[in-house]
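Okay, thanks for coming, everyone. Let me put the structure up on the screen, and then we'll walk through it together.

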Amino acid sequence: MNILLKSVTIVNGSTKNLHLKKRDILIKNGVIDAIETTIEPTGKTKVIAIKDLHVSIGWFDSGVSFGEPGYEERETIENGLLTAAKSGFTDVILNTSSNPTPDSASDIVYLKNAAKDLLTRVHPLGNLTVKGEGEVLAELYDMKNAGALGFYDYKHPMANANLLKIALQYAQNFDGMVFSFPLDKSISGKGIVNEGVTSTKLGLKGIPALAEELQIARDLFVLEYTGGKLFIPTISTVNSVKLIADAKKKGLQVFCSVAAHNLMITDSALENFDTQFKVMPPLRTAADIKALQKGVKNGTIDFVTSDHTPLNIELKHVEFDNADFGTIGLESIFGMLNELFNIEETIALLTKGRSVFGMTEPQLEVGQEANLSLFTTDDTYEFSQDQIFSSSKNSIAIGKQMKGKVVGAIANNQLVLNK
């Protein structure tokens, strides 16, 4: 398949001579064949010419969830990856949120095979412990050899500090990445929202920032003792940012992410008891958002993730106390980030970090595989269900103002467009 992108603005900080320049890009059989001021189409060539069209290397999300296996009604792998492609993502790391959860090499092989012929590549995580129960380490080495990029009991904190210590020591033998969700359940108890003015006003059980920060502090002490590589997903508080910044200054190999909605929405959004705003970690305060945004800009926070979590409608259309945590986010993350940051910063956040997991970084150069995201930057609109491609519709972003639209993606010698 030959594709010609006409008069596209290239957003590519790693190639300074092309950065923010308008060029035509010709792709032949999945490889970038030419980047010129003007290229005329020949033969059977699909021409894409859209006002304000921009292109960057393909986007990467460090943590998404689908349903398959076990919760296919929420999202199959196929539709989840099509959603990712339509949202501009060419690589995603898949959380261990299925049923059963992947804790063996054969589980990892199944997940990779289910996605091998699709545009967006899936990179599975494996469970850190058997069945995610936090008691016995899973088959980490075998899963690593099968293609697992790391080990994570999804949204389940590791209560046993000694088991975390052993995991970090063991995983060093094969350069494994250990994930630890930042929540001390002895502190959070039955809390469901951020503990503060809003939770008190609404009469909802709160989760204090301390529950996250205490777990992070413990995990960082363990990491300093053992060495190894630790990933702390979806941090949400001022002191979490500070703890991780201090650890990085010490030279510890610690990485972290923040969910896009935690960069933008405060817990005051809960005042109507809308269950779409029930997420984990919970929405925090304006002070937390300010610290998180600063952490993103200065590099303390390594990744911004959609934290895409499809849920059945009946898990959200219940009383607030009984609703499940989670929101989808693949379709809205670009528009949200582009509201907060300039386009160069936004694209840097969406493309950085593959090397942390040992993945190859795409290159926007002649002779390289075409791994590209297509988007506009000037469109402004209110996000609605019309922009949702997921099977599940539980979006925290409904009604939010967005800037810029995703046009599609090119990778694996395939093209997916939204229009």
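Let's start with a small puzzle: in which loop does Pro-100 lie? Have a look before I tell you. Pro-100 sits in the loop between S7 and helix H2, residues 105-113. I'm pointing at it because the peptide bond that joins Asn-99 and Pro-100 is cis, with omega about 10°. One thing to keep in mind throughout: this is a predicted model.

There's another cis bond to show you. The one from Glu-68 to Pro-69 is also cis, with omega near -5°. Pro-69 has its place in the loop between S6 and H1.

That brings us to S6 and S7 themselves. Strand S6 covers residues 59-64, and it pairs with S7 in the parallel sense over 4 bridges. If you want a spot to find on screen, look for Phe-60, which stands opposite Asp-91 in S7. To get from S6 to S7, the chain passes through helix H1, residues 77-86, and this β-α-β crossover is right-handed.

Now, S7 has another partner. Strand S8, residues 121-124, runs parallel to S7, and 4 bridges join them. Here Asp-91 turns up again, this time opposite Arg-121 in S8. So is S7, residues 89-94, mostly covered or open? Mostly covered: 6 of its 6 residues are buried.

Moving along the chain, let's look at another sheet. This one is open, has 4 strands in the order S9-S12-S13-S14, and the pairing is parallel. At the edges you find strand S9, 177-179, and strand S14, 303-305, each pairing on one side only. On average, neighbouring strands in this sheet are turned by 30° against each other, ignoring direction. Inside that order, strand S12 (residues 229-232) and strand S13 (residues 253-259) pair over 4 bridges, in the parallel sense. A nice pair to click on there is Phe-231, whose bridge partner in S13 is Phe-255. As a bit of background, strands of a sheet pair through backbone hydrogen bonds, either parallel or antiparallel.

Okay, salt bridges. How many does the structure hold? There are 12 salt bridges, and I'll show you a few of them.

One is between the side chains of Lys-229 and Asp-175, at 3.4 Å, N to O. Lys-229 lies in strand S12, while Asp-175 is in the loop between helix H4 (161-171) and S9, so this pair ties together parts that are 54 residues apart in sequence. The two ends don't sit in the same kind of surroundings: Lys-229 counts as buried, at 11% relative accessibility, while Asp-175 is partly exposed, with a relative accessible area of 46%.

Next up, Lys-201 and Glu-271, whose side chains meet in a salt bridge at 3.3 Å, N to O. Lys-201 is in helix H6, residues 197-202, and Glu-271 is in the loop between S13 and helix H9 (286-298), so here the parts tied together are 70 residues apart in sequence. Lys-201 is exposed, with a relative accessible area of 59%, and Glu-271 counts as partly exposed at 39%.

And one more: Lys-250 forms a salt bridge with Glu-224, with the closest N and O atoms 3.4 Å apart. Lys-250 lies in the loop between helix H8 (238-249) and S13, and Glu-224 lies in helix H7 (residues 209-226), so the pair ties together parts 26 residues apart in sequence.

Let me turn to the surface. Ile-187, Leu-210 and Leu-214 form a nonpolar patch there, with about 230 Å² of accessible area together. Ile-187 is in helix H5, residues 185-188.

For contrast, what about helix H10, residues 333-340: why is it described as largely enclosed by the rest of the structure? Because 6 of its 8 residues are buried. Those in H10 are Ile-333, Phe-334, Gly-335, Met-336, Leu-337 and Asn-338.

Last stop, some backbone angles. Asp-52 has a positive phi of about 65°, although it is not a glycine. You'll find Asp-52 in the loop between strand S4 (45-48) and strand S5 (54-57). Asn-412 has a positive phi too, near 55°, and is likewise a residue other than glycine. Look for Asn-412 in the loop between strand S18 (406-411) and strand S19 (414-417).

That's my tour, thanks for listening.

How values were computed:
Residues numbered from 1 in each chain as written. Predicted model: local features only at pLDDT ≥ 70, side-chain atom pairs only at ≥ 80, totals over all residues. Heavy atoms only, no water. Buried < 20%, exposed > 50% of the residue type's maximum accessible area, 1.4 Å probe, protein only. Helix = DSSP H or I, 4+ residues; strand = E, 2+ residues; numbered from the N terminus. Pairing = 2+ DSSP bridges. Right-handed = clockwise from strand over helix to strand, strands pointing away. Patch = residues over 30% accessible without salt bridge, like charges linked within 9 Å, V, L, I, M, F, W, Y side chains within 5 Å. Areas by Shrake-Rupley, 256 points an atom, 1.4 Å probe, with all protein chains shown as cover. Salt bridge = Lys/Arg side-chain N within 4 Å of Asp/Glu carboxyl O. Axes fitted to C-alpha atoms, helices over the stretch in contact; angles between N-to-C directions.
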